[in-house]
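Work through the exercises below with the sequence and the structure open beside you. Try each task before you read its solution.

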Amino acid sequence: MSPNLRIAFRFLTAKKRAMLMSLSCTVLGVGLFIVTQATTSGFEEFFVRTLLGTDGAMRIEDRKQSTLQSMEAAGGTGAHILQREGVKYIEGVEEPQLIKDAVRNFANVRGVSAVLRGNVQVTSPFKTEDAQIFGIKLDEHRLVSELERKITTPGGLGKFLESTSAVLMGRVLADRLQLSVNDSISVSARGETRRYHVAGIYESGSRDIDKTRIYLDLGEARSLLRRPTGATFVQISLHEPNRARQDAAHMEDVLGHSVRPWQEREKEWLSVFRALRVSSAITVTVFTLIASLAMFNTLAMIVLEKTKDIAILRSMGYERRDITQIFLWQAAIVLAIGALLGGLFGATVTWGVSMVPLPINTLFKTQTFIVSWSVWHYVQAIATAVVMVMVASLVPARRAARLEPGDIVRGTAQ
Amino acid sequence: MSTVVPPASAPRVGDLALRCNGLQRYLGHGEGRVHVLKGVSFEARRGQVYAIVGPSGCGKSTLLYLLGLLDQPDGGEIEINGQPMSNSDDFARTAARGAHIGFVFQFHFLMLEFTALENVMMPMRKLGRLTPAEMEARARSLLDSVGLGAKTHRLGTQLSGGEQQRVAVARALANQPSIILADEPTGNLDVKNSALVFDLLTRLAKDNGQAVILVTHNPEIAQRCDVTRPMRDGLFV
Ligand SMILES: Nc1ncnc2c1ncn2[C@@H]1O[C@H](COP(=O)(O)OP(=O)(O)OP(=O)(O)O)[C@@H](O)[C@H]1O
Ligand SMILES: [Mg+2]
């Protein structure tokens, strides 16, 4: 052990109260930082996971229309023409197979699924509800959603694959219609009514989805909705969902269709979460500042109490930088122990919070408070503590080093 | 930072260890400013024991701090082993303190959180000339020679005032400094221990060729020193 570290250690252990004070500041600071991060990002991450699991990382909708073509389209086909930000769009994807083939060439793409959507009315023996048919090819759609995992009824997707008259229904809609697996329903669209049976009931986590969507085989949906070609949108899942924006922009250029990444699709909710994050960041910052102020105070006090020892050390040949080091070592020791205990404290509280009952059933579905476990929260908390403690200790340590031994022994040091 | 302090080796009795010339020191500020040292000149040779005596408040401690490089004069020169020190930077003065000077303070002597042994080893650890085992052996023998061989592991807080003072004397000798400055090293001691400490310092001066400068109010001790310098009102008389 270097002499300076040895002295620092002894100074600290001799001043137990000051040491505990600064230690608890660090432990609280680090712990609170971690807990705040874990609780703030927990809900957001869960929400993002829920929405990625149902609606995928991005959707390709609406073909972009060049000006010349738009004249033609307006005259001929009767397709809907939309206008956004000066660009005209034709609603829907006319050539889903071409689009799917092109999209598969992007490295980040995990799965692609064409979806045909249409408004219907569903009737059970009990009542009638409005709903939306989502026509999918299950083997494709499995790759772009977590539909499989969200089926809550026994047998999973098995029954859906057995017959084209099988549908998957959301939990909320099924409850409203008082339906369970194997029950029959009639679905009406464009004046036509067909009979299907419930093959499975899913809970996506989002109430809005669970009360409207009915999944049906794509072929059957085409026939029911009388749309032999085309798709409403193409849903895409990504290996790296966070790169969705860049990939979407790139695809939009290449494919000539509007491509909406999940960040844009869920803008409103994401901005709510962002506001939440900012507000907790403010809390953490304020607390960190208070903690480091307390730390500064304690260290400054230790220096004041140790001026005589400083004079003795200096008289024996210890240099100014030794004195600085001795006090920085004290801060470093407090920091090391504080970071360790703070990490444990943060983890314990995070775990405790995750046990708090908090049923939510709207944006996403949970029974308890959702926390996020990430090693980065710990790294960030400790890094912040390192910076704060070093800043807080540097001033007292340098002040200690500047003291003149002569002034100290005469009692005129300030 | 460039001043290299020569090692205290090859001491020759009679060599000039310390010299100061026309030292001036003011203390306090504004109205309270006091001219404490009014041009003090002094020389100390190896192997000699010097006593500085004088009434309380005449400036003895102030002079000793200057000679020990713990304080800086407002005028005059100090030379340690031939090296001018008055204009040197903090780094050079600190190095000279560690290598050449052993200082015994008039009050508060020890680092109280440390044991007697650790206190004596403290300057050796900084200088780093000895191995840890040698340091400990030397510290033990020094404590033995001030009559504290049995209390090496007592904390500073567990020692009496006189015991602390003797540990401080042992510590001042740790690095075999060529100059020992002691501000009333026997102030708190009984007759027996005063004699012990004084004899130790005298023996070191004679055997190792160290220059010993001590401040004392004890006329008996002053009388047994090689040179006695009476001081009054910031000047030697
Ligand atoms: N900070 C200060 N401001 C003004 N005057 C001071 C200050 N410190 C000390 N003095 C004065 O300097 C003078 C010399 O003090 P010093 O401590 O050197 O005396 P001393 O000879 O060691 O006395 P003693 O024998 O009591 O230890 C005293 O008169 C004291 O009042
Ligand atoms: Mg004095």
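The exercises that follow concern a predicted model, and they go from the nonpolar cores to the interface and then to salt bridges within each chain.

**Exercise 1. The nonpolar cores**

Task: Find which residues touch the most other members of the largest nonpolar core, and which helix gives the most to this core.

Solution: Begin with the core as a set, which holds 78 residues. Within it, the residues that touch the most other members are A:I7 and A:L313 from chain A, together with B:F42, B:L63, B:L67 and B:I213 from chain B. Next, look at the elements that supply this core: helix 16 of chain A, residues 375–402, gives the most, with 8 residues. Then take A:L313 and list what it touches, leaving aside residues up to four places away in sequence: A:I7, A:Y318, A:I323 and A:I326 in chain A, and B:M111 and B:M122 in chain B. Finally, note that a second, separate core of 39 residues is also found, and that it includes B:F109, B:L143, B:A172 and B:C225. As background, nonpolar side chains in soluble globular proteins tend to be buried together.

**Exercise 2. The interface of chain B and chain A**

Task: Describe the contact between chain B and chain A by its residues, its buried area and its salt bridges.

Solution: Count the residues on each side, which gives 26 from chain B and 26 from chain A. The area buried between the two chains is about 2,600 Å², and carbon and sulfur atoms give 59% of that area. Turning to charge, there are 7 salt bridges between chain B and chain A; for a pair to inspect, take A:R410 and B:D71, whose side chains meet in a salt bridge at 2.8 Å, N to O. The rule for polar contacts finds 12 residue pairs across this interface, both residues being at pLDDT 80 or more. On the side of chain B that touches chain A, the elements that give two or more residues are strand 1 (16–27), helix 2 (90–100) and helix 3 (116–127) of chain B, and the largest share, 6 residues, comes from helix 2. Sorted by class, that side of chain B has 12 nonpolar, 4 polar and 10 charged residues. A further step is to trace the network of salt bridges that links A:R314, A:R320 and A:E404 with B:D90 and B:R93.

**Exercise 3. Salt bridges between distant parts of a chain**

Task: Which parts of chain A are tied together by A:K15 and A:E305, and which parts of chain B by B:D74 and B:R25?

Solution: Over all chains the count comes to 40 salt bridges. One of them joins A:K15 to A:E305, with the closest N and O atoms 3.7 Å apart. Because A:K15 lies in the loop between helix 1 (3–14) and helix 2 (16–55) of chain A, while A:E305 lies in helix 13 (residues 267–305), the pair ties together parts that are 290 residues apart in sequence. A:K15 is partly exposed, with a relative accessible area of 24%, and A:E305 is also partly exposed, at 44%.

In chain B, the closest N and O atoms of B:D74 and B:R25 are 3.1 Å apart, and the two residues form a salt bridge. Since B:D74 lies in the loop between helix 1 (60–67) and strand 4 (75–80) of chain B, and B:R25 lies in strand 1, this pair ties together parts that are 49 residues apart in sequence. Here B:D74 counts as partly exposed at 43% relative accessibility, whereas B:R25, at 11%, counts as buried, because the cut-off for buried is under 20%.

Conventions: Residues numbered from 1 in each chain as written. Chains lettered and ligands numbered in written order. Predicted model: local features only at pLDDT ≥ 70, side-chain atom pairs only at ≥ 80, totals over all residues. Heavy atoms only, no water. Core = buried A, V, L, I, M, F, W, Y, C linked by side-chain atoms within 4.5 Å. Buried < 20%, exposed > 50% of the residue type's maximum accessible area, 1.4 Å probe, protein only. Helix = DSSP H or I, 4+ residues; strand = E, 2+ residues; numbered from the N terminus. Contact = heavy atoms within 4.5 Å. Buried area = accessible area lost by both parts, 1.4 Å probe. Salt bridge = Lys/Arg side-chain N within 4 Å of Asp/Glu carboxyl O. Polar contact = N/O pair within 3.5 Å; in protein donor to acceptor, adjacent residues only side chain to side chain. Nonpolar A, V, L, I, M, F, W, Y, C, P; charged D, E, K, R; others polar.
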